[in-house]
Amino acid sequence: MKFVLIVIGLAVAATVATYARYESLNPCDWMERDLARQTGLPPLVVRVRIRGAFLIDGITDPGPYDCIMAWWEFRAEGLPGDS
């Protein structure tokens, strides 16, 4: 029982920390904010750039799974085409 409470506490803490950093629980917003912060580009340009990267991969309407996978890749390597 103690283990379950610890896991629930960690999940709540991670959720609160994520919301505090990104002001959203949507992984598409996380990627947009991280890229805007990293590049200094306006939000509209960042949104178009992300949409273009998804379209190149054949994803026309990204869902949460697509966004979180792309966000993890971005955090690890950057968007495709970045040098």
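Which residues form a nonpolar patch on the surface of this protein? Before I answer, please keep in mind that what we have in front of us is a predicted model. The residues of the patch are Met-1, Phe-3, Val-4, Leu-5, Val-7, Ile-8, Val-12 and Val-16, and together they have about 840 Å² of accessible area.

Let me take one member of that patch, Met-1, which lies in the segment before helix H1. Met-1 counts as exposed because its relative accessibility is 76%, and the cut-off for that word is over 50%.

Now to helix H1 itself, which covers residues 2–22. With 21 residues at 1.5 Å a residue, H1 should span 30 Å, and since its end C-alpha atoms are 30 Å apart in the model, the expected and computed values agree. Just after H1 comes Glu-23, which takes a positive phi of about 55 degrees.

How far can we trust these parts? The protein averages a pLDDT of 88, and 93% of the residues score at least 70. Confidence is highest in H1, at a mean of 93, and lowest in helix H4, residues 64–77, where the mean is 87.

That brings me to a residue in H4, namely Ala-76. Is Ala-76 buried or exposed? With a relative accessible area of 62%, Ala-76 is exposed, because that value lies on the exposed side of the cut-off, over 50%. If you would like to relate Ala-76 to another place in the chain, take Ala-14, which is 62 residues away from Ala-76 in sequence and, going from C-alpha to C-alpha, 19 Å away in space.

Key. Residues are numbered from 1 along each chain as its sequence is written. This is a predicted model: local features need pLDDT of at least 70, side-chain atom pairs count only at pLDDT 80 or more; totals for chains, interfaces and linings use all residues. Side-chain values use heavy atoms; hydrogens and water are left out. pLDDT is the predictor's confidence in each residue, from 0 to 100. Helices (H or I, at least four residues) and strands (E, at least two) are DSSP runs, numbered from the N terminus. The expected span of a helix is 1.5 Å times one less than its number of residues. Patches are made of residues with over 30% relative accessible area and no salt bridge: like charges are joined within 9 Å, nonpolar side chains (Val, Leu, Ile, Met, Phe, Trp, Tyr) within 5 Å. Accessible areas come from the Shrake-Rupley method with a 1.4 Å probe; for residues, only the protein chains shown count as cover. A salt bridge is a side-chain nitrogen of Lys or Arg within 4 Å of a carboxyl oxygen of Asp or Glu. Buried means under 20% relative accessible area, exposed over 50%, partly exposed in between (1.4 Å probe, protein chains only).
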